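Colleague: I'd like to go through this one with you and hear the reasoning behind each label. Could you show me what you have?

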Amino acid sequence: MECTQCKAVLDAETLKKNLYVCPACGAHFRMEPMQRLAYLIDEGSFSELYKNLTSANPIEMEGYEEKISAAQEKTNLSDAVITGYCTIGKRPALVAVMSFAFMGGSMGSVVGEKITRIMMLGAGEGLPVIIYATSGGARMQEGLFSLMQMAKTSSAAAELDRAGIPLFLMLCDPVTGGVTASFAMLGDLICAEPGALIGFAGPRVIEGTIRQKLPDGFQRAEFQLEKGFVDCIVPRKEQREFFIRMIDAHMQAVPSYPVKREITLNFKKHREPAGKKTEAEHDQ
């Protein structure tokens with residue numbers, strides 16, 4: 001394949017070994033959830049939660065069920081985010097990793113519910129929460145139900161803050177719309193991958209509205225760092241060690257958290273019961 005930035009020709013195996021970062025120019029390509037977890041967490045430590053939640057069609061949008069089924073078949077995911085327990089450097093944590101390949105990472109009722117649940121679980125169990133966000137915004141096929149997820153996830157982030165448990169955000173290319181306008185901007189630490197597009201409306205929409213040419217690099221991670229919109233930019237190869245340091249630093253004040261100790265989590269008590277669940281209205 002060809003790098004979209006420097007036009008270097010890259011073979012698939014080299015790109016995979018380099019964590020889907022161009023070795024020539026450092027461009028960060030998009031990744032899917034399981035690819036991210038493979039380099040981020042301790043091997044074999046992931047225990048997925050809420051896997052069987054699937055979208056209903058709350059506003060009876062024609063063709064929506066077919067689009068969901070097609071996205072599930074394409075990505076092998078139930079919806080645009082996976083959530084679960086893990087350890088990172090033997091430190092227990094909760095993670096949520098979004099998939100842009102699943103309907104543009106759009107946030108419908110299932111995504112909002114899973115993000116909310118993982119934050120509430122972190123508040124209740126005293127575990128740090130790490131969210132890898134990538135999304136085109138709220139899912140239009142669920143109308144008002146999608147917009148309500150903005151308030152719901154924001155409320156869960158507030159509960160996490162009240163409990164004194166950190167929320168770490170890693171913004172990946174792209175993060176826009178209702179996800180930017182809700183939980184993606186509410187972390188105790190808001191990080192971004194190099195070159196990630198981060199904003200509410202996209203550059204073309206803004207240019208069309210104000211009828212002015214935007215500066216080069218507008219809304220990219222480096223631009224947003226300069227303007228104070230994000231706290232830091234962390235290259236992919238450094239993210240695992242970065243989060244280990246951040247967990248140690250932020251969880252020192254939580255007496256129940258076993259920082260820098262050998263940890264074995266009892267995942268069995270958290271596993272999902274057998275049988276498929278259907279969530280029609282998660283906003284209640």
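Modeller: Before the record comes up, one definition: UniProt positions are given in the numbering used here, feature names are shortened, and annotations may be inferred rather than shown by experiment. Also keep in mind that this is a predicted model.

Colleague: Fine. Which residues does UniProt list for "zinc finger region: C4-type"?

Modeller: The unreviewed UniProt entry gives residues 3-25 for it. In the model, the end C-alpha atoms of that span lie 9 Å apart, and the span is 26% helix and 0% strand. Leu-19 sits in the loop between α1 (12-17) and α2.

Colleague: What does Leu-19 touch, leaving out residues up to four places away in sequence?

Modeller: Met-31, Tyr-39, Arg-236 and Lys-237. Take Lys-237: Leu-19 is 218 residues from it in sequence, with 7.4 Å between the C-alpha atoms.

Colleague: Let's zoom out. How do you know whether the radius of gyration of the protein chain agrees with a compact globule?

Modeller: The globule rule is 2.2 Å times the number of residues to the power 0.38. For 284 residues that comes out near 19 Å, and the protein chain has 19 Å, so the two agree. The C-alpha atoms fill a box of roughly 55 × 45 × 40 Å along the principal axes.

Colleague: And what is the secondary structure of the protein chain?

Modeller: Nine helices and seven strands. As for contacts, among those between residues at least 6 apart in sequence, 72% join residues at least 24 apart.

Colleague: How much of the protein chain is buried, and what does it expose?

Modeller: Buried residues make up 52% of the 284. The exposed area is about 13,500 Å², with carbon and sulfur atoms supplying 52% of that area. On the charge side, there are 31 positive and 34 negative side chains, and the centres of the two sets lie 4 Å apart.

Colleague: Now single residues. Why is Ile-88 called buried?

Modeller: The cut-off is under 20% relative accessible area. Ile-88 has 0%, so Ile-88 is buried. You'll find Ile-88 in strand β2 (residues 81-88), and beyond its sequence neighbours Ile-88 touches Leu-40, Ile-41, Asp-42, Ile-130, Arg-240 and Ile-244.

Colleague: Ile-41 is in that list. How far is Ile-41 from Ile-88, in sequence and in space?

Modeller: They are 47 residues apart in sequence and 4.7 Å apart in space, C-alpha to C-alpha. Ile-41 belongs to the loop between α2 (33-40) and β1.

Colleague: That's a loop residue, then. What makes Ile-41 count as buried?

Modeller: Its relative accessible area is 9%. Set that against the under 20% cut-off, and Ile-41 is therefore buried. Its contacts, sequence neighbours up to four places away aside, are Phe-46, Cys-86, Thr-87, Ile-88 and Arg-240. By contrast with those contacts, take Ala-8: 33 residues from Ile-41 along the chain, and 30 Å away between C-alpha atoms.

Colleague: What about Ser-78, buried or exposed?

Modeller: Buried: the relative accessibility of Ser-78 is 17%, and the limit is under 20%. Ser-78 is in the loop between α3 and β2. Its contacts include Lys-51, Leu-53 and Thr-54. Val-111 is 33 residues from Ser-78 in sequence, with 10.0 Å between their C-alpha atoms.

Colleague: Let's turn to the backbone. What makes the phi of Tyr-50 stand out?

Modeller: Most residues other than glycine have a negative phi. Tyr-50 has a positive phi, near 65°, and is not a glycine. Tyr-50 sits in the loop between β1 (47-49) and α3 (64-75). Tyr-50 also counts as buried, because its relative accessibility is 11%.

Colleague: Where is Met-103, and what is its phi?

Modeller: Met-103 lies in the loop between β3 (91-98) and α4 (109-125). Its phi is positive too, about 50°, and Met-103 is not a glycine.

Colleague: Last one. How do you know that the bond joining Asp-173 and Pro-174 is cis?

Modeller: Look at omega: about -10° for the peptide bond between Asp-173 and Pro-174, which is a cis bond. Most peptide bonds are trans. Pro-174 itself lies in strand β5 (residues 167-175).

Note on methods
Residues are numbered from 1 along each chain as its sequence is written. This is a predicted model: local features need pLDDT of at least 70, side-chain atom pairs count only at pLDDT 80 or more; totals for chains, interfaces and linings use all residues. Side-chain values use heavy atoms; hydrogens and water are left out. Helices (H or I, at least four residues) and strands (E, at least two) are DSSP runs, numbered from the N terminus. Buried means under 20% relative accessible area, exposed over 50%, partly exposed in between (1.4 Å probe, protein chains only). Contact means heavy atoms within 4.5 Å. Accessible areas come from the Shrake-Rupley method with a 1.4 Å probe; for residues, only the protein chains shown count as cover. Lys and Arg count as positive and Asp and Glu as negative; His and the chain ends are not counted. The place of a charge is taken as NZ of Lys, CZ of Arg, CG of Asp or CD of Glu.
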